[in-house]
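Here are my notes for your first reading of this model, set out as numbered points. Please keep the structure open beside them and look up each element as you come to it.

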Amino acid sequence: MTFESLNIAIALPEVFLLTMACLILVVDVYLPADKRNLTYVLTQLSLIITLLLIIRNQTDTRLLAFNDLFVQDAMADTLKMFIVIISFGVFVYSREYLQARNIFKGEFYVLGLFSIVGMMLMVSANNLLMLYLGLELLSLCLYALVAFNRDNSNASEAAMKYFILGAIASGMLLYGMSILYGLSGSLQLSEIAVAVSQAAEADNAQNIGMVFGLVFVVVALGFKLGAVPFHMWMPDVYHGSPTAVTALIGTAPKLAGFAMIMRLMVEALGGLQADWQQMIIILSVLSLAVGNIIAIAQSNIKRMLAYSTISHVGFILLGIIAGTSEGYSSAMFYTISYALMSLGGFGVIMLMARQGFEADNISDLAGLNQRSPWFAFIMMILMLSMAGIPPTVGFWAKLAVLTAVVDVDLVWMAIIAVFFSIIGIFYYLRIIKVMYFDDAVDTRPLECGRDMQIALSTNGLAILALGFYPAALMSLCISVFN
Amino acid sequence: MFADLPLLSLIVWLPIFGGVAVLLSGDKGDANGVRVLSLVISIATFVLSLGLYTGFDSSTSAMQFVEKTPWISSFGINYHFGVDGFSMPLIILTTFTTILVVLAGWEVIKKKPAQYLAAFLIMEGLMVAVFAALDAIFFYVFWEAMLVPMFILIGVWGGERRVYATIKFFIYTFIGSVFMLVALIYMYYKGGSFAILDMHAMPLTFNEQVLIFLAFLAAFAVKVPMWPVHTWLPDAHVEAPTGGSVILAAIMLKIGGYGFIRFSLPITPDAAHSLDWLIIFMSLVAVVYIGFVALVQKDMKKLVAYSSIAHMGFVTLGLFVVFQIWENPANVSGGAAALAVEGAMIQMISHGFISGAMFLMIGVLYDRMHTREINAYGGVVHTMPIFAAFAVFFAMANAGLPGTSGFVGEFMVIIASFQANFWYAFLGALTLILGAAYTLWMVKRVFYGEIVNDGVRALKDLNSRELTIMSILAVAVLALGLWPAPVVDVMHASVENFLQHIAVPKI
């Protein structure tokens with residue numbers, strides 16, 4: 001094996017980001033507390049450069065590196081770009097929030113960067129081990145980040161729950177992977193795919209074994225994505241973590257989760273589509289039902305968003321169920337727009353929070369229109385988008401997914417989905433109601449830095465702009481799967 | 001002069017961007033500036049929309065002023081506008097009513113006037129777009145988006161139970177429309193196009209048609225609203241600010257009726273044919289039963305809201321009675337079907353004027369007395385004689401007095417229903433009695449008799465702004481009542497084409 005065959009240049013963005021993360025780790029140790037801003041600036045700078053590297057490195061063809069462990073294709077490029085952009089947004093929104101709580105520490109940024117590297121590796125995995133390593137790098141950073149505000153008992157409890165359930169899920173995944181490895185004799189996704197389709201054709205005992213492995217993989221994916229009935233960790237973790245960390249968990253990792261589904265289920269186990277389709281239909285319907293119904297009962301906005309995430313996962317899975325390239329691209333479109341919406345949602349929650357006050361109850365949003373009409377408007381757009389009301393991007397995401405399901409003659413799935421989104425609309429409307437119709441308890445206008453204002457406004461307007469002109473993002477997602 | 005302009009786009013986007021400008025100018029500065037700006041925008045939009053009338057070629061049923069550019073090419077969704085004889089009058093009604101609404105809120109709305117006016121202007125653009133859209137998804141986008149400003153309007157500037165009313169309004173309409181969305185997606189899957197005119201021509205089996213028809217019915221029946229899904233309307237009307245009620249009654253309800261014309265009947269003619277008894281039954285229940293319900297209301301706005309439901313019953317009756325007119329062997333005159341559809345259209349426009357006027361009148365009283373209870377009034381004629389004259393006039397129009405626009409549409413529909421079934425006409429004609437009873441009884445209790453309390457004694461008559469609004473509407477009601485020909489003429493070709501289309505079975 002020569003050094004050239006590693007093709008290290010293909011993984012340049014990851015390599016660069018990893019180097020920067022290590023560098024920032026060292027630099028931060030020597031920084032006095034009042035110079036901590038440098039860590040922040042360095043972090044953001046490295047994200048921007050990573051983004052530029054990804055864009056520069058873009059390719060239409062499929063390139064392999066590290067002895068075929070690592071793959072670069074159009075899907076990987078697109079997802080990585082959005083992972084980096086969204087994480088950049090999370091760091092912008094969380095700066096003042098962390099400062100106000102005296103947890104403006106280097107660890108947040110270092111762990112955050114490592115988790116981004118993990119996501120990027122997942123997205124580019126071409127081998128079960130690579131996928132698993134990326135996932136674990138992401139998860140371990142997130143476990144630590146949840147407990148990051150270590151004096152907070154809620155956070156510690158959430159971290160514990162997250163860790164234990166996450167570890168079980170990882171165990172499931174490993175078990176499933178080991179079965180697949182045992183039956184196919186390879187960790188390479190493409191070789192597994194060949195073995196799976198051969199087994200499916202032969203329809204022998206080996207095929208049953210494959211399906212057995214598939215079940216564990218689906219369970220693990222359900223855990224990581226938060227699909228019902230494997231969703232139990234989500235509300236507690238969303239609620240217990242500092243909002244900055246919730247934002248980190250609730251946005252970009254969904255993109256990585258989508259990539260994991262694509263790599264595992266479609267690329268490796270595509271031959272078992274008929275089997276996993278049925279399993280995912282159940283996960284999807286349950287997620288839509290439980291997510292939307294239980295969200296109504298929440299008074300904490302972070303818990304509500306957790307349940308709303310569950311219902312959105314149900315929609316993303318709908319696109320996967322379709323099992324066509326339209327379905328995959330619609331699911332990808334949905335995931336990207338969902339990540340943008342929930343980024344904005346957490347941004348507004350962090351904006352509302354002040355020193356010693358979390359602003360995570362729905363009633364804390366009361367009278368936002370009187371306090372800051374502009375941010376109330378942004379939040380309204382975000383909520384309408386989550387509810388899927390035009391002219392916001394959320395509507396197009398739902399339309400794309402529904403079209404994909406109807407295309408494969410699953411009209412009843414589309415009807416179930418719209419039925420639960422009717423139920424879902426109520427809790428999004430309630431947020432608008434609280435902001436616009438209720439009177440404010442605290443009438444002080446919201447204060448925040450210019451960077452936050454610009455970022456949040458851009459975020460909200462992007463949702464609206466994509467609602468008026470979704471064609472660009474949509475054709476990007478479609479081109480990925482052609 | 002308008003020939004080479006993208007006129008429909010201008011009429012849609014001028015009020016929307018104008019509304020955004022009003023919104024951005026904010027509530028901190030001079031409220032009068034915001035009001036004048038909104039008035040200028042709404043008048044400019046109205047003047048532009050008159051260009052649709054003057055440039056309209058009434059000899060053809062083809063779409064006119066068509067604008068078409070690809071919007072989302074991966075789904076074949078186009079930015080596609082165009083009008084025919086059905087949508088053009090309704091667009092003008094929309095732009096006309098918006099001027100009155102802007103005027104009606106002039107000094108009455110003190111809380112955040114910029115947001116209030118902006119909501120109306122944005123809604124105006126969205127509603128015009130609903131009437132003008134020729135791409136189903138394009139239509140759906142505006143159809144849903146239109147709910148948001150109304151939701152905010154009722155919720156922020158509404159009465160005591162505004163939150164309940166506005167959420168009910170939103171969820172009711174949303175439930176109906178998502179099933180329509182699934183139907184539209186299904187037809188895209190079958191036919192490969194979201195263009196409404198392509199859907200008209202698309203062959204569908206009977207079972208598909210029935211399901212699609214029911215999905216459309218869910219959307220449009222809620223919007224019209226038809227009995228038994230009408231219950232959101234009285235709540236929304238009672239809680240909405242005056243302007244909101246006017247838009248709701250004068251235009252939003254028409255969008256339901258328009259939906260039947262544009263979607264249900266032409267896309268699923270066979271299902272409409274075999275289920276016409278259901279719609280006719282629901283319409284007659286609305287006319288008769290809701291008429292009785294209106295009779296016992298104690299709240300003026302609720303009374304007018306129920307009367308709206310009863311009047312809209314004529315629209316759906318007129319549209320769906322055509323199949324039975326054709327089937328009736330005793331049918332002697334050939335034009336009865338066209339009469340029914342044209343009557344339904346006239347009824348929609350006339351109801352836009354009259355219900356708008358009724359709600360504005362209640363608004364005039366409410367601004368002074370802050371109550372809508374009929375019991376709180378009496379003898380208003382002694383202190384507000386000019387206003388009382390207008391009130392009696394509009395009440396007569398609401399009751400369907402010949403010479404007013406209220407008579408024309410109802411009369412046309414009743415005459416046409418005679419060709420289908422005597423009892424339809426008989427039950428429909430009951431409205432002439434019931435309508436007169438509930439409206440005139442309300443007028444009697446509010447305006448005549450002795451002055452009942454000091455509040456009424458201190459009332460001041462109409463100011464010049466209110467007088468202007470009332471006069472404009474009175475002229476409109478009279479004009480349409482005495483000489484409906486200009487409106488009927490523009491829609492005639494479209495009606496003929498529509499009837500020819502739905503007479504041909506798709507299976």
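**Notes on the two chains and their helices**

1. In chain B, among contacts with a separation of 6 or more, 82% are made by residues 24 or more positions apart. Please bear in mind throughout that this is a predicted model. For chain A the share of such contacts made by residues 24 or more positions apart is 80%.

2. It is worth setting out the make-up of chain B before turning to its details. Chain B has 23 helices and two strands. Its radius of gyration is 22 Å, close to the 23 Å given by the globule rule for 507 residues, so chain B is as compact as a globular protein of that length. The C-alpha trace of chain B spans about 70 × 55 × 45 Å along its principal axes, and 60% of the 507 residues in the chain are buried.

3. Chain A can be described in a similar way. It contains 20 helices and two strands. The globule rule gives 23 Å for 482 residues, and the radius of gyration of chain A, 22 Å, is close to that value, so this chain is as compact as a globular protein of that length. Along its principal axes the C-alpha trace of chain A spans about 70 × 55 × 40 Å, and of its 482 residues 60% count as buried.

4. How many residues does each chain bring to the contact between chain A and chain B? Chain B gives 27 residues and chain A gives 25 residues. On the side of chain B that touches chain A, at least two residues each are supplied by β1 (64-72), α5 (136-145), α6 (147-157) and α7 (162-191) of chain B. The largest share of that side, 15 residues, comes from α7(B). By class, the residues of the side of chain B that touches chain A are 22 nonpolar, three polar and two charged.

5. One of the elements just named, α6(B), deserves a separate look, for it is mostly covered, with 11 of its 11 residues buried. The buried residues of α6(B) include B:Leu147, B:Pro149, B:Met150, B:Phe151, B:Gly155 and B:Trp157.

6. Next, please find helix α3 (residues 87-104) and helix α4 (residues 113-132), both of chain B, whose axes are 9 Å apart and which pack at an angle of about 175 degrees. Since angles over 145 degrees count as roughly antiparallel, α3(B) is roughly antiparallel to α4(B). Among the residues that make the contact are B:Leu90, B:Ile91, B:Thr94, B:Thr98, B:Val101 and B:Val102 of α3(B), together with B:Leu117, B:Phe120, B:Glu124, B:Met127 and B:Phe131 of α4(B). By class, this contact of α3(B) with α4(B) has 10 nonpolar, four polar and one charged residues.

7. B:Phe120, which is found in helix α4 of chain B, offers a view of this region from a single residue. Is B:Phe120 buried or exposed? B:Phe120 has 26 other C-beta atoms within 10 Å, and because 20 or more are needed for a residue to count as buried, B:Phe120 is buried. If its neighbours within four places in sequence are left aside, B:Phe120 is in contact with B:Thr98, B:Val101, B:Val102, B:Gly243 and B:Ile247.

8. A second pair to examine is helix α16 (residues 336-369) and helix α23 (residues 485-503) of chain B, whose axes come within 10 Å and cross at roughly 130 degrees. α16(B) and α23(B) are therefore oblique to each other, and α16(B) passes α23(B) in a right-handed crossing. The residues making the contact include B:Val341, B:Glu342, B:Met345 and B:Ile349 of α16(B) and B:Val488, B:Met491, B:Val495 and B:Glu496 of α23(B). By class, the contact of α16(B) with α23(B) has 12 nonpolar, no polar and two charged residues.

9. The last pair is helix α14 (residues 300-320) and helix α19 (residues 405-418) of chain B, which pack at an angle of about 40 degrees with their axes 10 Å apart. These two helices, α14(B) and α19(B), are therefore oblique to each other, and α14(B) passes α19(B) in a left-handed crossing. Here B:Phe314, B:Leu317 and B:Gly318 in α14(B) meet B:Gly409, B:Glu410, B:Val413, B:Ala416 and B:Ser417 in α19(B). The contact of α14(B) with α19(B) divides into four nonpolar, three polar and one charged residues.

Note on methods:
Residues numbered from 1 in each chain as written. Chains lettered and ligands numbered in written order. Predicted model: local features only at pLDDT ≥ 70, side-chain atom pairs only at ≥ 80, totals over all residues. Axes fitted to C-alpha atoms, helices over the stretch in contact; angles between N-to-C directions. Helix = DSSP H or I, 4+ residues; strand = E, 2+ residues; numbered from the N terminus. Parallel < 35°, antiparallel > 145°, perpendicular 65-115°, else oblique. Contact = placed C-beta atoms within 7 Å. Nonpolar A, V, L, I, M, F, W, Y, C, P; charged D, E, K, R; others polar. Rg over C-alpha atoms; globule rule 2.2 N^0.38 Å. Buried ≥ 20, exposed ≤ 12 C-beta atoms within 10 Å, placed from the backbone. Left-handed = near helix turned anticlockwise from the far one by under 90°.
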